[in-house]
Amino acid sequence: MAANTKRQPVRIPGRLIVGSAPEFNHDTLAFMLNARQWGDMAVMYYSVFPLYIANHPDVVHDILVTHNSAFYKSTQTKIALKPIVGNGLFTNDGDDWRQQRRLAQPSFHTKRISAYADTMVRYADELCRRLTPDQPVDIEREMAHLTMQIVAKTLFNYDGGANDQLSEAVRTVLRNVDIRFARLAQLPQWLPTPKNREFRQAIAYLDQFIQQMIEERRRSQEDNGDLLSMLIMAHDDETNMRMSDQQLRDEAITIYGAGHETTSGALTWAWYLLSQHPHVAAKLHEELDRVLGDRLPTYADLPNLPYTEMVIKETMRIYPPAWATSRQTIEDVTVGGYALKKNSVVMLNIYGMHRDARWFPNPDVFDPERFSPENEPHINKRAYIPFGAGPRICIGNSFAMMEARLLLATLARAWHFELAPDQVVAPVRQFTLRPRYGMRMVARARVRTPETV
Ligand code: HEM
């Protein structure tokens, strides 16, 4: 694509006044798949507001990588998230964001996060022991519990269960995020509706909890091995700065939110796909039995579990937890040949690219072999971006990949899950991509009962 030829985005047909908003709201994922027929970059009207949709990997690459400094996070994202995560990494922009990212990056270094592998496996093993053969299990809920326990332990060294006040507060806040993203026009937060009251109480609880954690760490001046200790110790050589308590609070809530629902979503979809593709499940089990035998996985096993990784990658292609992201231009800029004026809002169609036959033949077929060592180098890297790309690529991507592989391996060693007979499955976009009707499955013991495993 010649970047200097000016191209016009095709306007997606819509109705007077409402534009394409009803179709977009009714089934956003179908809308994103259809949006591709209008070209590499299309423009829809959300009511009277133009919203660009970038469908082509090269256009997306220009936005996230080549011209990333011409874009900020969109105003909509900030309106929805700032009351919760403040100026955390996800919502921050410009020099402030750059400094925060420099400060936070070392905490996510592979050397540091590999120490969390045992924690991840321990919690997954606890779940293995709790399951009862041939009984139904709400797999979406169990995966959410598991990843929430793991983020609480790795972030705060906090051992609370999945049902305590902390997790309840996080769940309340995340529900609120979904609602905020679902509605464009927001009811003001100060209205004393029961939902708003519940939300404010949850935020107040989280603030107090995090403040207490920060004070404890500062008092003891110890490295507890958790992410919070690391963030407190972080020092920016360029500006000689450390994080303030407010920044620590914003970063902690950001990591809590970004760090668990995405990974639990990926795992939920992986269990579903495995239940529908017995030959893939058999190959996964063969790898786990061969490499692990009777023991639990460790960090050192990961390079020897390539198929486990292929299953996770292919799951995130078909069901990317981050189904889209958005940006807003801060100056006039040309991407992929399309001229965008300052303040244009663009959605990056991750879901659409991952299911585009041009980059993934038979795109709706679940085939982990696409990511085999022989095939993966031929994938268009710009078309597969479950963690985003460029300077704002997910800071937790190694953490997430390690966690997803270890949890899948620990659980699939001992159990396999069959879809409950009456379970209807369809993806729906909330803040992340979720199963619209939940995911009830039946736990079947593999090899031996969990007590003897
Ligand atoms: C499967 C799991 C995950 C997926 C699919 C995912 C996806 C993403 C994506 C697509 C972005 C970029 C958004 C954008 O460009 O607008 C992002 C950013 C981010 N993610 Fe993740 N993520 C996952 C897990 C995690 C984990 C485990 C953590 C932390 C422990 C985390 C923390 C963050 C943060 C802080 C950002 C903002 C980075 C910045 O803007 O500098 N994520 N994630």
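Where is the place of D134? It is the loop between α7 (117–130) and β5 (136–138). The legends below refer to a predicted model.

**View 1. D134 and N157, two residues with positive phi.** Most residues other than glycine have a negative phi. D134 departs from that pattern, with phi near 65°. D134 counts as partly exposed, at 46% relative accessibility. N157 is not a glycine either, and its phi is positive at about 55°. The loop between α8 (139–156) and α9 (165–182) holds N157. N157 is partly exposed because its relative accessible area, 33%, falls between the 20% and 50% limits.

**View 2. C394 and the iron atom of the ligand.** Which protein residue is the only donor of the iron atom? It is C394, through its SG atom. The distance is 2.3 Å. C394 sits in the loop between α16 (350–354) and α17 (397–414).

**View 3. Strand β6 with its partners β4 and β9.** Strand β6 covers residues 325–329. Four of its five residues are buried, so the strand is mostly covered. Strand β4 (residues 71–72) pairs with β6 in the antiparallel sense, over two bridges. Here F71 has T329 of β6 as its bridge partner. Strand β9 (residues 345–348) also runs antiparallel to β6, and four bridges join the two. R327 stands opposite V346 of β9.

**View 4. R112 in helix α6 and its contacts.** Helix α6 spans residues 110–113 and includes R112. Is R112 buried or exposed? R112 is buried, with a relative accessible area of 16%, because buried means under 20%. Neighbours within four places in sequence are left aside here. Beyond them, R112 is in contact with P106, S107, D223, G225, D226 and M230.

**View 5. The salt bridge between R15 and E23.** Side chains of opposite charge can pair when their charged atoms come close. In the model, the count comes to 35 salt bridges. In the R15–E23 pair, the N to O distance is 2.6 Å. R15 is partly exposed, at 49% relative accessible area. E23 is partly exposed too, at 35%.

**View 6. The nonpolar surface patch of L16, I17 and V18.** These three residues form a nonpolar patch on the surface. Together they have about 340 Å² of accessible area. L16 lies in the loop between β1 (10–11) and α1 (21–26). With a relative accessible area of 77%, L16 is exposed, because exposed means over 50%.

**View 7. The salt bridge between K153 and D159.** The closest N and O atoms of K153 and D159 are 3.1 Å apart. K153 counts as buried, at 15% relative accessibility.

**View 8. E376 and K313, a link between parts distant in sequence.** The side chains of E376 and K313 meet in a salt bridge, with 2.9 Å from N to O. E376 lies in the loop between α16 and α17, whereas K313 belongs to helix α15 (residues 306–318), so the pair ties together parts that are 63 residues apart in sequence. E376 is partly exposed, with 26% relative accessible area. K313 counts as buried, at 15%. Which residues does the network join? Salt bridges that share partners link E309, K313, E376 and R405 into one network.

**View 9. E374 in the loop between α16 and α17.** Is E374 buried or exposed? E374 is exposed, with a relative accessible area of 55%. E374 and M44 are 330 residues apart along the chain. Their C-alpha atoms are separated by 39 Å.

How values were computed:
Residues numbered from 1 in each chain as written. Predicted model: local features only at pLDDT ≥ 70, side-chain atom pairs only at ≥ 80, totals over all residues. Heavy atoms only, no water. Patch = residues over 30% accessible without salt bridge, like charges linked within 9 Å, V, L, I, M, F, W, Y side chains within 5 Å. Areas by Shrake-Rupley, 256 points an atom, 1.4 Å probe, with all protein chains shown as cover. Salt bridge = Lys/Arg side-chain N within 4 Å of Asp/Glu carboxyl O. Buried < 20%, exposed > 50% of the residue type's maximum accessible area, 1.4 Å probe, protein only. Donors = N, O, S within 2.8 Å, 3.2 Å for Na, K, Ca; no water. Pairing = 2+ DSSP bridges. Contact = heavy atoms within 4.5 Å.
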